[in-house]
Amino acid sequence: MSGAGAEKSLTGEAFMHMIKLKVNGHVQELGVKSHQTLLEVLRGPLELTGVKEGCGLGECGACTVLMDGKPVNSCLVLALEADGSEILTIEGLAQVGKLHYVQKAFVKEGAIQCGFCTPGMVMATVGLLQENPNSSQEEIKEGLRGNLCRCTGYVKIIKAVEAAVEMMREGEQT
Amino acid sequence: MTWKVIGKGLPKIDSISKVTGEAQYTVDLKLPGMLYGNIFRSPLPHAKIKSINTSKAEELQGVHAVITAKDVPLNKFSFFQWLADKTILCSDKVRYLGDEVAAVAAVDEETALEALSLIKVEYEPLPAVFDAEEAMKPGAPLIHDKEKNIGFHVERLFGDPDKAFEECDYICEDRYVTGQVSHCCLEVSNCIVKWDSSGRLTIWTNTQAPHTQRQEIARILGIPIRNVRIINSTMGGGFGSKLVIDMKLPIAAILSKKTGRPVRIENSRAEEFSTAKTRYGYTIYVKTGAKKDGRLWAREMKVIGDNGAYHDKGPATLNFSSMMFGTLYNIPNIRYEGNLVYTNKQMGTAFRGFGNPQIAFACETQIDVLANKTGMDPLELRLRNANQSDQMTFCGAEITSCGMKECMEAAARAIGWEEKRRGKGLRGVGLANMVHTGAGGRFYGYNAADAFIKLSDDGTVALITPAQDMGQGSHTVMAQIVAEELGVNLEDINVISNDTDLTPYDLGSWGSRTTFMNGNAVLDAARNTKKEIITVASEMLEANPDDIILEGGRVFVKGSSDQYSFSELADYAINKRGVPISGKGRFVDKLPSGYTIKEGFAKNIPTFAFGTQAAEVEIDEETGEVKVLKVVAAHETGTTINTLMAEGQIEGSVVQGIGYALMEGLTLKNGKVINDGFIDYKIPTFGDIPEIETILIETNDPHGPFGAKGIGEPGLVPTAPAIANAIFNAVGIMIKELPITPEKILKALKEKKGG
């Protein structure tokens, strides 16, 4: 999002509240309405469409991003609540074209079909493994329970997360 | 046969764009000047429209258009036009809760929603009917201006079932019920439509069948087909839900025409659950008769299909059910009767398995009840009746390759049949067979596909195929076929499939047909491209064309160090010879002699795919909960093109099948869907999945590309009956209604103890 302009508001209507976010390493200052969700702001003015909306009600996990390092359903967070926080979306995960090891594992293990749940699933996994780098299969299943996938039957996603745990153990750096 | 690319477990070619969030889905697109449309839907399941007042909505600032039936063409439409029964917007009557009455286009979603709240419609409520069997009865409320609610009827007869049942030693008769379930694609159904000033309509939408939808749009709007262009994007799931248009496309078109601006309409998740099309609910009466030795001798089935309020793919679904019913086992005497009945509910449509999971649940659970009667092991009974390769069945099905017996044996072995069948506490195992098409069908009177390849001047290969990738991975399958044939790397192939202006006509991605049909067309295009490559290479290498080898993106002669890369070859072809390299491919599935669609029955299927699933379950007698411990899924693939993706198709299907068996079903109260979100409509999550063991059985189909057949749908078909049979084995109760909820288990256990 470099060049999007930290100084100027991206929307400038009345009864807007100015908030400041650090999104994928870049400071963004923008006006939001009080009922606007973080998801709406990310997909709308910030055009981070890698963040997906599956239900808008916190039931599917497709919109998962990291807020101050913790996975959240961005559809359940008001943009105002996110003021001052640091947000990492799928767009900010790979560094200069180098995939994060969780992304590598998802590709290699065939954990992706339609791919719509993938960004949220990957971010939830990154959050999970930051919290518990040695997650067991049961912990993976529990930790990702809020993320729905209709294509894969979860089997290869679990394998991918296990592979990511292994890669991390072997010292793979992002 | 050793292949370099075929048969490998390679990641999908679009994985990187999907894992980085770069992949653009239709919901991610925005056009300059785009307006946001929304649909005003009926709040009643059945009513006359007395008046509509849109004036307040029109006055709202930011609203650009409000339309009702008076603004749209009122010609009736259906997928089968001879059954046309639905207009774009309702003019006089609404037939389900959610029926489209009016629509708005506004500057943003909020304004569009506010405008909807300002539309006032007066209704005169009519009695409604929500059960298909009730709707068949005399005196039931009539949903259309027709004498009865039966919208389609089909009968099939082979042999003499009445006489044959008299000859049977064992007979079972049961009634089964399966409900309406939702596809639950993670990307909701949505579109952007732009009607430009030259009269051309461009539609961006998530679709499995852009070419047939293009015809449908032209038909419903009464405009020439040439005026319609459909562009697909990366798709967030399909499963059959995106074959036939729904009304948001023509509604957005009219809104765009009225406003001169592109219009987006997107379902909310609640709309997706409560108004989008579903799997057809079936009520099924089955009677099966066997001889003393276990030979299945006669079978009849009566299906009452819940059509919902309007026609869609129902007739085809009922017909397909009959073909699978006739082909699963080679029974000499069969009768099938199907009735498709209107109800005041959301419409049905195609859904992975297409009428097959419903009847497989009935047929395959009844086999276990029958086996129980005869005292035979259900596996043994099935093995005695197994189909084989190169067989013509009594109902005329031509079975070319068949791994039914191998699938059964593999599944039984992997689940530990002998040992676990004896039961241990409240655990049990069960299995079920399936047959499905492995190559779509000849339902249009033909079955064909085209493809084009060009070798770009940089040496990369562009493949133009109409095969739609909804996530199942067809782009990767097509690319693998090209890579194998041309000896290039997978990453050197670009697959283009998303624009009806560009791609050859095609019937769409359904019926597990893309690998077989489009795959064969792509293989033909690759072979023709290869011929041109060899001509050029033999000139460059001054060698005999027969000696040219294509490998690793290079051409050379065996034993010689002279070689050229594809980019050198392309450069030579274009700049020295002045003739670029390309290839056209076509596959026409040869129709059997004397074939007609109507009389073809199972001859409509180019090749069949068999499979067996075995499940182990544990029942909690206190709560009625069923825990699926393990599912073994043995399916034949012909030849597996990509092991990773074939497994993925089967694993995903099995888990959808577990949802179908135990959890999923739309629940209505007075015609209103009350579980219209993922909180109340449960689909399997990480916590619900058992160990899944996938076994791929290769049978090398004589007509498939590299021997392959489709594997997109089969994995869902036998899951529910395998689980029901395992429950039967564990606690001796057979639940005949899906989903098998804890309430049903507890009730049956109580009745069993009481009785």
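## Aromatic pairs, sheets and a helix contact

Over all chains, the structure holds 18 aromatic pairs, and it should be read throughout as a predicted model. One of these pairs joins B:Phe273 and B:Phe678, whose ring centres lie 5.3 Å apart and whose planes stand at 80 degrees, so the pair is edge-to-face. Because B:Phe273 belongs to helix α8 (residues 269-274) of chain B and B:Phe678 to the loop between β31 (672-673) and β32 of chain B, the pair ties together parts that are 405 residues apart in sequence.

Strand β32 of chain B also takes part in an open sheet of 4 strands, ordered β20-β28-β29-β32 (chain B), in which the pairing is mixed. The edges are held by β20 (427-437) and β32 (691-698) of chain B, each with a single partner strand, so one side of each is left without a neighbour in the sheet. Neighbouring strands of this sheet are turned against each other by 15 degrees on average, direction ignored. Strands β20(B) and β28 (residues 608-619) of chain B run antiparallel and are joined by 11 bridges, and within β28(B) the residue B:Thr612 is the bridge partner of B:Asn433.

A further open sheet of 4 strands in chain B follows the order β23-β22-β21-β27, again with mixed pairing. Its edge strands are β23 (493-496) and β27 (582-588) of chain B, each of which pairs on one side only, and the twist from one strand to the next averages 20 degrees. Between β22 (residues 461-464) of chain B and β23(B), which run parallel, there are 4 bridges; B:Ala462 stands opposite B:Asn494 in β23(B).

Helices of chain B pack against both sheets, and the table lists them with the strands they meet.

| Helix (chain B) | Strands (chain B) | Angle to a strand |
|---|---|---|
| α9 (residues 314-327) | lies across β20 and β28 | about 115 degrees to β20(B) |
| α19 (residues 719-731) | touches β20, β28 and β29 (626-638) | about 155 degrees with β20(B) |
| α14 (residues 474-486) | touches β21 (448-455), β22 and β23 | about 140 degrees with β23(B) |
| α15 (residues 514-541) | touches β21, β22 and β27 | about 145 degrees with β27(B) |

In chain A, helix α2 (residues 101-108) packs on helix α5 (residues 155-169) at an angle of about 135 degrees, with the axes 8 Å apart, and the two helices are therefore oblique to each other. The crossing of α2(A) past α5(A) is right-handed. Residues making the contact include A:Tyr101, A:Lys104 and A:Phe106 of α2(A), and A:Ile157, A:Val161 and A:Met168 of α5(A). By class, this contact of α2(A) with α5(A) comprises 11 nonpolar, no polar and 1 charged residues.

Terms used: Residues numbered from 1 in each chain as written. Chains lettered and ligands numbered in written order. Predicted model: local features only at pLDDT ≥ 70, side-chain atom pairs only at ≥ 80, totals over all residues. Heavy atoms only, no water. Axes fitted to C-alpha atoms, helices over the stretch in contact; angles between N-to-C directions. Parallel < 35°, antiparallel > 145°, perpendicular 65-115°, else oblique. Left-handed = near helix turned anticlockwise from the far one by under 90°. Contact = heavy atoms within 4.5 Å. Nonpolar A, V, L, I, M, F, W, Y, C, P; charged D, E, K, R; others polar. Pairing = 2+ DSSP bridges. Phe/Tyr/Trp six-rings, centres within 6.5 Å; stacked < 30°, edge-to-face > 60°.
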